[in-house]
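Let's take a walk through this fold together, starting with how some of the strands pair up and ending at the surface. Have a look at the model first.

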Amino acid sequence: MISTLDGSKKRKTSSPLLAVIVTKKPRIATTDGTKCKPVKRVDEFLIVKANLVVSITPAFTSDARAGVEEVLDSMVMKYNPTFQGVVVSHSNISFLCKTAFVQVECPYLVCKVSFDIVVWSPQVGVKLVGKINAWSPDHVSLLIHETFNASIPRRHIPNNTWYFKYGTLRNDTHRGYIGSNIEEEGMWVHRATGDRLGDEGYLEFTVIGLIVANEMLSLLGSLQPDPFLTDPVVR
């Protein structure tokens, strides 16, 4: 017997989407049963076709799609180890079965869904371009796509080519190196030409590491010719 969302009883299995089957033995696992299959990679972005078992709160009994969207929205802009990257967006939600399940006393509706997601999934060894947003004698900080953080430590900046030119705030211990302009902050410049590091504020680097903290992904980069040397030469 199938209990539908409007309270009526039906014996046919071809019930409307999200009819609720009450059972003591779970027929679908409530744990995260994510399965994903890469469809296409565009640079560091990955388009993934994924299947997921989701639990929907009773508040979305009459609108299950909205409940699934809320679950997927909670994943956006967070690093997901299953997808090996940061979920940027989702689309094309579809239900893989016409019924959802309620297990014993648990009021949540459990159902299987399929959807497409775009994942920011940079790989170690690839070259990316970021916009420089901070300088210091110890590192260069960048923003990728004006969203994701990357850092190039001093030991991964060729010291025989570039050096840090201190600004007017060099000896200001109270304010550190944070100034209103480059003349105050200082900058990395070319030893021979005096040109500022980066092309109009943008800089290409090699990804040498991924750092995941608090569901956020940031990158570690290098400008060294051979960035994967154990100890880059600093002269």
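How many bridges join strand 10 to strand 11, and do they run parallel or antiparallel? Four bridges hold strand 10 (residues 127–135) to strand 11 (residues 139–144), and the two run antiparallel. Keep in mind that this is a predicted model. If you want one rung of that ladder to look at, take Trp 135, whose bridge partner in strand 11 is Val 140. The two strands make a hairpin, with three residues between them.

Carry on along the chain and you meet another hairpin. Strand 11 is joined by six bridges to strand 12 (residues 148–153), again in an antiparallel arrangement. Here Leu 142 has Ala 150 in strand 12 as its bridge partner. Three residues separate strand 11 and strand 12, and His 145 in the turn has a positive phi of about 55°.

Now step back to the whole chain. It has two helices and 16 strands. Of its 235 residues, 39% are buried. Take the contacts between residues at least 6 apart in sequence: 57% of these join residues at least 24 apart. The chain exposes about 13800 Å², with carbon and sulfur atoms supplying 51% of that area.

What about the inside? In soluble globular proteins, nonpolar side chains tend to be buried together. In this model the largest nonpolar core has 24 residues, and Ile 144, Trp 188, Leu 197, Phe 205 and Leu 219 have the most contacts inside it. The hairpin strands turn up again here: strand 10, strand 11 and strand 12 each give two or more residues to this core, as do strand 13 (162–166), strand 14 (186–190), strand 15 (202–213) and strand 16. Apart from this core lies another one, of 23 residues, including Phe 95, Val 102, Leu 109 and Phe 115.

Leu 219 is a good residue to click on. Leaving aside its neighbours within four places in sequence, Leu 219 is in contact with a long list of residues, among them Trp 120, Pro 122, Leu 128, Ile 144, Ala 150, Phe 205 and Leu 210. You've already met Ala 150, as the bridge partner of Leu 142, and Ile 144, from the list of core residues with the most contacts.

Trp 120 also gives us a way over to strand 7 (residues 85–95), where Ser 89 sits. The C-alpha atoms of Ser 89 and Trp 120 are separated by 9.7 Å, with their positions 31 residues apart along the chain. Beyond its sequence neighbours within four places, Ser 89 touches Asp 116, Ile 117 and Val 118. Is Ser 89 buried or partly exposed? Its relative accessibility is 31%, so it counts as partly exposed.

Compare that with Asn 80, in strand 6 (residues 79–80). Asn 80 counts as buried because its relative accessibility is 16%, and the cut-off for buried is under 20%. Outside the four places on either side in sequence, its contacts are Met 75, Gly 85 and Val 87.

Last stop, the surface. Which residues make a nonpolar patch there? Val 124, Leu 210 and Phe 228 do, and the patch covers about 280 Å². Leu 210 is also one of the contacts of Leu 219. Phe 228 lies in the segment after strand 16 (216–222), and its 47% relative accessibility is why it counts as partly exposed.

Key: Residues numbered from 1 in each chain as written. Predicted model: local features only at pLDDT ≥ 70, side-chain atom pairs only at ≥ 80, totals over all residues. Heavy atoms only, no water. Patch = residues over 30% accessible without salt bridge, like charges linked within 9 Å, V, L, I, M, F, W, Y side chains within 5 Å. Areas by Shrake-Rupley, 256 points an atom, 1.4 Å probe, with all protein chains shown as cover. Salt bridge = Lys/Arg side-chain N within 4 Å of Asp/Glu carboxyl O. Buried < 20%, exposed > 50% of the residue type's maximum accessible area, 1.4 Å probe, protein only. Contact = heavy atoms within 4.5 Å. Pairing = 2+ DSSP bridges. Core = buried A, V, L, I, M, F, W, Y, C linked by side-chain atoms within 4.5 Å.
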